[in-house]
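These are my notebook entries on a structure that I examined step by step. I record what I looked up and what I found.

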Amino acid sequence: MTTATCQHCGDPILAHSDGGEGFCCKGCRGAYELINGLGLKSYYDRRVLDPEAKALRPDEEGAVIDYRAHIIEEDGGTNTLYLMVEGIHCAACVWLIETALGRQDGVQQARVNMSTRRLVLKWQNEGLDPNQVVAIITGLGYRLVPYDPCLLNSENEKGERELLKAMAVAGFAAANVMLFSVSVWAGYSQGMQDSTRDLMHWLSALVALPAVAYSGRPFYRSALTALRLGRLNMDVPISLAVLLAAGMSLFQVINGAEHAYFDSSISLLFFLLVGRYLDRRARGRARGAAEHLLGLNAVAVTVINEDGTKSLLPPDQVHEDMTVLCAAGERVAVDGVIIDGQSDIDTSLISGESVPVMVRCEDQVFAGTTNLSGPIKIRVTATGEGTLLAEIVRLMEEAEAGRANYVALADRVARYYAPVVHVLALVTFFYWLIPGGIVWNEALLNAIAVLIITCPCALALAVPVVQVIASGRLMRQGILVKTGTALERLSHVSNVVFDKTGTLTLGRAELINQDEFSQEELELAASLAGASKHPLSRALCRAVPHIAIRSSVQEVPGCGLEADGVRLGSRAWCGNVDAPLSEGPELWLAVEGKEAKCLKFADHLRSDAKDVIEKLKSRGYGIHLLSGDRVEPAQKVANDLSIENWQAGCSPRDKCDALEKMDHSLMVGDGLNDAPALAAAHVSLSPSTAIDVSQTTADAVFQGDKLRPVLEVLGVARKADILVKQNFGLAFAYNAITIPLAMAGYVTPLIAAVAMSTSSLVVIANALRLSRGKLS
Amino acid sequence: MKSLLYLIPAMLFLGGLGLAGFLWALKSGQYDDMEGNASRILFDDDEAPLPPEEKNNE
């Protein structure tokens, strides 16, 4: 039998799918109909451009955001909405979104930027409801988060553009000046007249000087800042060499001298700018993920006024002692005490506990948790900065501040390298001036030659090139490296610390004792479960799909579901209080007149978790498990994966404290309760299913249901570390040969230029070895 | 040698033209989305929003 695949997402269709013929789920069917209805069926042909791409499965449980609050009105009656789009993976997605939006009446412009995953939507002021327009895109499975462009038009983007401009100018100038120089070198052996040579030199000056002034600014600025703080960095010798070489060459040309160094100074700038631009670009996309954080505060709060009316207020206008209503399925936005209603609260964000907690009157709830089953009224005790959520964020920032002290290897090298270079140049100058007995400008020329030849061209490329290639390799496997020093820090790791829920496990419950039930019983249970958003109900529906929901189902908040004398819910509500406790979460099914039966659930481990842990152990890493969950589930996971060092019931602070005692730890975690630990660890990794705060805090984010990226990222980091060191070795070897030559005054512009380019190419070629092949 | 008098300015001019073109492209935002634009050219239809009656015909 051939497996049928879903017409929308291309995944195989399982038996009992609830999407009807040809679809794997209702969401896909809806999306397919929507695309067809808009006449955009060619989307499915376009998708062939990237065979790996699959359409998204629309999320059936998506929260509703009111986009009207985020409209920016511009002159001339144009409204603009800035949105981040999650789920774009190929050009067909871009086409689908743009065309689907463009076909709505009144929409003027819909433009998606594929690199930054941002959407700009413009329309005329004609009573168009943005929520309706945007609902089409969410119906296709993309997730949208509004963002504020003023906050985002960041320094980074401007910086990247400036580097690109500087690079273009330097490239143009370097190419032309090099042509003049070749003419001069060629002419030198063929008896070129002095006047022609001078003309060439003047033309070089004409092109090179403005370019040096313009393109060098990123270096001069950084060098000046370092000098002002009384420090030396790599940019100081670079700036000094470039400016001295250009200035000195001008002086030489005015005096009609034989040699000029314009070509060296400008092509040095060009090479360095290439390195710097690549370095910045590699991290450009990863940064986008961090910016999702801005979407977190987009939830409005329903406040019940004293006269009983309801009003929607932005979170910052809610005060203590107000009464807030939180509907089922909504996120709690404040800390408070329940004064009416009972419900189940998903606290996984705060505590890491995977099973929802039952709450009723007088119980405390915290901002960031999700209300699952019934509406509750909350008397506010803390908002904004006062909440537990904010406390966690503060803890995280504290921890992060500690890590900011890490100095990248390149900077550490520069700290020693720069003074040495300057001393060598100075020694050369005085040696030639006094014992050498030559005129000052010739002596200075030799000193400049030393500066140029030692110039950290290879050295400056050594680190960025390796990092760019390593990041590229990791990105192809769905791992985004966000911070510049992350790879370096990863190479030092000796302890790997895992969180449990959502990291070692997939973070969603699955039914495990299906075979203890008859098919009728399962279908009965599923027909009730379909009415609820409780994670265990969803799990039951996944296990027994394609069951119609009963019409008469009543949800009793904090207890469970009831219909026609059948109950599905908690142990206390459904009957058998005395039955032995199960290891994981459970649901009880009680049919009138029969004994209640227990449906057991478990959060499955990631399929390759055991394998990965074993490999990590065999490579000599210490493995730890720090979980916020209860002792039993944590112990079970630790036993299954044979992790000896484990700790359950950890608060965010406990995790930080535990990490402090370890040296060079890699923290892998996903929840908000892990965020401070992610910040406190030497280096950190998050799955892409993690919440935004964790993704922002982590140094790298990985996608997919496998744990293998942890191995890969450690392997690549080790290899990258070796290559960086080799590159430094190559750069130093090159210097060891050329510096004496330069000090001895043998370096002509030709040798300087050739030597410089060769050393850069060697470094790049060495780094390229990382792009392919297996890691040992 | 006289040809140099024409060739050098011509070279600088053409090179400068290329540079100016690049800077213009950069300024007009053509480098903002390298990935998107690379695939965008493969879409051969520049579809304007269809009027409602045509939508039904499709």
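**Entry 1: Residues with a positive phi**

I began with A:Glu362, which counts as exposed because its relative accessibility is 63%, and the cut-off for exposed is over 50%. I note at the outset that the model is a predicted one. I then looked up where A:Glu362 lies, and found this residue in the loop between strand 11 (357-359) and strand 12 (364-365) of chain A. Its phi is near 75°, a positive value in a residue other than glycine. I noted this angle because most residues other than glycine have a negative phi.

I looked up A:Asp321 next. Its phi is near 70°, and this too is a positive value in a residue other than glycine. A:Asp321 is found in the loop between strand 7 (310-313) and strand 8 (323-326) of chain A. Is A:Asp321 buried or exposed? I recorded it as exposed, because its relative accessibility is 53%.

**Entry 2: Helix 18 of chain A**

I asked which residues of helix 18 (residues 519-529) of chain A are buried. I listed A:Leu522, A:Leu524, A:Ala525, A:Ala526, A:Ser527, A:Leu528 and A:Ala529. I then looked for what covers these buried residues. The cover includes helix 19 (535-543) of chain A, and also strand 17 (505-511), strand 19 (560-563), strand 20 (566-569), strand 21 (586-591) and strand 22 (597-605) of that chain.

**Entry 3: Salt bridges**

I turned to charged pairs, because side chains of opposite charge can pair when their charged atoms come close. How many salt bridges does the structure hold over all chains? I recorded 17.

The pair A:Arg489 and A:Asp699 forms a salt bridge through its side chains, with 3.2 Å from N to O. I located A:Arg489 in helix 16 (residues 486-490) of chain A and A:Asp699 in the loop between helix 25 (692-697) and strand 27 (700-702) of chain A, so this pair ties together parts that are 210 residues apart in sequence. I found A:Arg489 and A:Asp699 both to be buried.

The side chains of A:Arg571 and A:Glu586 also meet in a salt bridge, at 2.8 Å from N to O. This pair links distant parts of the chain: A:Arg571 is in helix 20 (residues 571-574) of chain A and A:Glu586 is in strand 21 of chain A, 15 residues apart. I asked why A:Arg571 counts as buried. The reason is its relative accessibility of 13%, since buried means under 20%. A:Glu586 counts as buried because its relative accessibility is 18%.

I examined A:Asp611 and A:Lys615 as well, whose side chains meet in a salt bridge at 3.5 Å from N to O. These two residues are 4 residues apart in helix 21 (residues 609-618) of chain A, so about one helical turn separates them. I recorded A:Asp611 as partly exposed, at 39% relative accessibility. A:Lys615 is partly exposed too, with a relative accessible area of 32%.

I closed this entry with a network of salt bridges that links A:Glu162, A:Arg217 and A:Arg221.

**Entry 4: Chain B**

I looked up the elements of chain B and found 3 helices and 0 strands. From the N terminus on, they run α-α-α. Of the 58 residues in chain B, 19% are buried. I noted an accessible surface of about 4,300 Å² for chain B, with 64% of it belonging to carbon and sulfur atoms.

**Entry 5: The contact between chain B and chain A**

I then asked how many residues each chain gives to the contact. Chain B gives 30 residues and chain A gives 32 residues. The size of an interface is often given as the accessible area lost when the parts come together. For chain B and chain A, I recorded about 2,800 Å² buried between them, 62% of it on carbon and sulfur atoms.

I searched this interface for salt bridges, and the rule finds 0 between chain B and chain A. The count of residue pairs in polar contact, with both at pLDDT 80 or more, is also 0. Which elements give two or more residues to the side of chain B that touches chain A? I identified helix 1 (3-27) and helix 2 (34-40) of chain B. Helix 1 of chain B provides the largest share of that side, 11 residues. By class, I recorded 15 nonpolar, 6 polar and 9 charged residues on the side of chain B that touches chain A.

Conventions:
Residues numbered from 1 in each chain as written. Chains lettered and ligands numbered in written order. Heavy atoms only, no water. Buried < 20%, exposed > 50% of the residue type's maximum accessible area, 1.4 Å probe, protein only. Areas by Shrake-Rupley, 256 points an atom, 1.4 Å probe, with all protein chains shown as cover. Contact = heavy atoms within 4.5 Å. Buried area = accessible area lost by both parts, 1.4 Å probe. Salt bridge = Lys/Arg side-chain N within 4 Å of Asp/Glu carboxyl O. Polar contact = N/O pair within 3.5 Å; in protein donor to acceptor, adjacent residues only side chain to side chain. Nonpolar A, V, L, I, M, F, W, Y, C, P; charged D, E, K, R; others polar.
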